[in-house]
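Grab a pencil and work through these short exercises on helix packing. Try each task before you read its solution.

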Amino acid sequence: MTRIKRGYIARRRRTKIRLFVSSFRGAHSRLTRTITQQKIRALVSAHRDRDKQKRNFRCLWITRLNAVIREGGVLYSYSKLIHDLYRGRLLLNRKILAQIAISNRNCLYMISNEIRKEVDWKEYTGII
């Protein structure tokens with residue numbers, strides 16, 4: 001019986017996986033079964049942590065805004081600022097507001113004061 005040579009497709013698949021895990025340590029970069037397991041685990045972790053990163057950055061922006069706002073006025077807080085921004089229909093997201101708070105606090109104070117004046121005036125005249 002003649003010798004049958006296997007195809008190249010499985011080898012190509014394995015080398016592609018090996019390239020993905022080439023920076024892993026020990027058997028995680030050498031043995032085929034553990035390579036596939038570690039690749040799946042790495043991709044799952046990457047997918048999970050992308051969502052976690054978004055949550056963490058939003059939390060960081062909120063913390064920065066709250067710290068700067070409370071530093072300026074004791075009676076004003078982050079939640080009141082965001083509420084007044086929505087009522088005043090000012091389209092600034094938390095990322096931009098946090099950048100303004102870090103780079104130029106006076107600008108953030110001006111924005112919050114203008115929004116407070118506008119919302120108070122609208123409540124006084126009965127527009128809202």
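**Exercise 1: α2 against α4**

Helices α2 and α4 cross in a left-handed way (the near helix is turned anticlockwise from the far one by less than a right angle). Before going on, note that this is a predicted model, where local features need pLDDT of at least 70 and side-chain atom pairs count only at pLDDT 80 or more, while totals for chains, interfaces and linings use all residues. Residues are numbered from 1 along each chain as its sequence is written, and side-chain values use heavy atoms, leaving out hydrogens and water.

Task: work out how α2 and α4 are oriented to each other.

Solution:
- Step 1: take the angle, about 45 degrees, with the axes 9 Å apart.
- Step 2: α2 and α4 are therefore oblique to each other (not under 35, over 145 or 65 to 115 degrees).
- Step 3: look at who meets whom (heavy atoms within 4.5 Å): Trp61 and Leu65 are among the residues of α2, and Leu97 and Ala98 among those of α4.
- Step 4: sort the contact by class, which gives eight nonpolar, no polar and four charged residues.

**Exercise 2: α1 against α2**

Task: find the angle at which the axes of α1 and α2 cross.

Solution:
- Step 1: locate α1 at residues 9–20 and α2 at residues 32–72.
- Step 2: their axes come within 10 Å and cross at roughly 55 degrees.
- Step 3: α1 and α2 are therefore oblique too, and their crossing is left-handed.
- Step 4: the contact includes Ile17 and Phe20 of α1 and Ile35 and Leu43 of α2.

Notes
Axes fitted to C-alpha atoms, helices over the stretch in contact; angles between N-to-C directions. Helix = DSSP H or I, 4+ residues; strand = E, 2+ residues; numbered from the N terminus. Nonpolar A, V, L, I, M, F, W, Y, C, P; charged D, E, K, R; others polar.
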